[in-house]
Amino acid sequence: MLISEKTVKDMRAQLQERGWFHMQSATGDALFSLAESLGSVVYETDVSVRKESRGMVTSDKALDFHTDHSLVDYVAWFCIKPDDRGGDTILADALDAFALLNDDDRKTLESVMLKEHVVFENDPGAAPLVSKANGMLKFYYSFWLADKRMPPDCRRAFDAFRRALAGAPFHRFKLRRNDILVVDNSRILHGRMSIKDPSRRLRRLWICSTPLHPINEVHHEYANRSKSSKPA
């Protein structure tokens, strides 16, 4: 399935305006075509429930708002097997929560460092909750990796952001079979409701404008597909 130039333009416009793009009745090839129009696919993951895993992403429990790896520009999902009874996707704009904070807390959040799983070569292992790049605010929010020993002013600002996020508007919807969802990972926080059908399965891509190299190779379901397809 070739992706039209109009679809690519629509995706870029929606990513810039609201930070996320949702496409229905697509294909795995369409997922990769859209991803390649944004940059390089640097990591690919099968998102499914694994009873033996302790990971939050692979559990059937609800997952609160967060971003993925701080070096990743966009996250894209392709719904292979939906959960008709649960697993609803939730999205929140970090800018909405940030706007609810006072000036002191906004400034302090730039000093709040959150741990990061080391995935790529030369990975720093930590990132600020708020930073700026090309005049734009960027957010990295892994609430479960926050240092419990952070300074009191950082803890106050961090807790204020969490409260603001809980009170900010959010979107909730259910991914259906063959749906594609793309989010701006430096702005949109994502999560999900608890999963009722353990056979639910998504394909997740991490996309970067600059190629990154994972420390460990990961399985690529579409690794043998043709790379020659370009947006029409």
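1. A cavity, in the sense used here, is a set of grid points over the protein atoms alone where a 1.4 Å probe fits but cannot get out. In this structure, which is a predicted model, the largest cavity has a volume of about 190 Å³. Of the 15 residues that line this largest cavity, those closest to its centre are Trp77, His190, Gly191, Arg192 and Leu202.

2. The origin of that lining can be stated by strand. Strand S3 (63-66), strand S12 (188-192) and strand S13 each give at least two residues to the lining of the largest cavity, and the largest share, 3 residues, is supplied by S12. By residue class, the lining of the largest cavity is made up of 7 nonpolar, 4 polar and 4 charged residues.

3. How many cavities of 30 Å³ or more does the structure hold? There are 2 of them, and the second largest cavity encloses about 40 Å³ of space. Cys79, Lys81, Pro82, Asp83, Gly86, Gly87, Lys174, Leu175, Arg200 and Leu202 line this second largest cavity, and its lining divides into 4 nonpolar, 2 polar and 4 charged residues. Leu202 deserves a note of its own, as it is named among the residues closest to the centre of the largest cavity and also in the lining of the second largest cavity.

4. Strand S12, already met in the cavity lining, belongs to an open sheet of 4 strands in the order S3-S12-S5-S10, in which the pairing is antiparallel. The edge strands of this sheet are S3 and strand S10 (170-173), each of which pairs on one side only, and the twist from one strand to the next averages 15°. S3 and S12 run antiparallel and are joined by 2 bridges, with leucine 63 standing opposite arginine 192 in S12. Strand S5 (residues 89-93) is joined to S12 by 5 bridges, again in an antiparallel arrangement, and here aspartate 93 has isoleucine 188 of S12 as its bridge partner.

5. Is S12 mostly covered or uncovered? S12 is mostly covered, since 5 of its 5 residues are buried. In a regular strand the side chains alternate between the two faces of the sheet. For S12, both faces are covered, with Ile188, His190 and Arg192 buried on one side and Leu189 and Gly191 buried on the other.

6. A further open sheet is formed by 5 strands in the order S1-S11-S4-S13-S2, with antiparallel pairing. Its edge strands are strand S1 (20-23) and strand S2 (40-48), each pairing on one side only, and its twist averages 15° from one strand to the next. S2 is joined by 8 bridges to strand S13 (residues 201-208), the two strands running antiparallel, and threonine 45 stands opposite arginine 204 in S13.

7. Two helices should be considered together with the five-stranded sheet. Helix H1 (residues 5-17) packs on the sheet and touches S1, strand S4 (74-81) and strand S11 (180-184), its direction making about 140° with that of S1. Helix H2 (residues 28-38) lies across S1, S2, S4, S11 and S13, and runs at about 20° to S13.

8. Strand S8 (residues 130-133) and strand S9 (residues 136-139) run antiparallel and are joined by 4 bridges, one bridge pairing being that of valine 130 with phenylalanine 139 in S9. The hairpin of S8 and S9 has 2 residues between the strands, and within this hairpin asparagine 134 takes a positive phi near 55°.

9. Lysine 138 is found in strand S9, and its relative accessible area of 28% lies between the cut-offs of 20% and 50%, so lysine 138 counts as partly exposed. Leaving aside neighbours within four places in sequence, lysine 138 is in contact with Leu129, Val130, Ser131, Ala133 and Ser186. The C-alpha atoms of lysine 138 and valine 57 are separated by 23 Å, these residues being 81 residues apart along the chain.

10. Is threonine 108, placed in helix H4 (residues 103-108), buried or exposed? Threonine 108 counts as buried because its relative accessibility is 12%, and buried means under 20%. Not counting residues up to four places away in sequence, threonine 108 touches Asp153, Cys154, Arg156 and Ala157.

How values were computed. Residues are numbered from 1 along each chain as its sequence is written. This is a predicted model: local features need pLDDT of at least 70, side-chain atom pairs count only at pLDDT 80 or more; totals for chains, interfaces and linings use all residues. Side-chain values use heavy atoms; hydrogens and water are left out. Buried means under 20% relative accessible area, exposed over 50%, partly exposed in between (1.4 Å probe, protein chains only). Contact means heavy atoms within 4.5 Å. Two strands pair if DSSP finds at least two bridges between them. Axes are lines fitted to C-alpha atoms, for helices over the stretch in contact, and angles run from 0 to 180 degrees between N-to-C directions. On a 1 Å grid over the protein atoms alone, a cavity is a set of points where a 1.4 Å probe fits but cannot get out, and a pocket is an open set with protein on both sides within 12 Å along at least five of seven lines; lining residues have an atom within 4 Å of a point. Grid points are joined across faces, edges and corners, and a volume is the space filled by probe spheres set on the points. Ala, Val, Leu, Ile, Met, Phe, Trp, Tyr, Cys and Pro count as nonpolar, Asp, Glu, Lys and Arg as charged, and the others, Gly among them, as polar.
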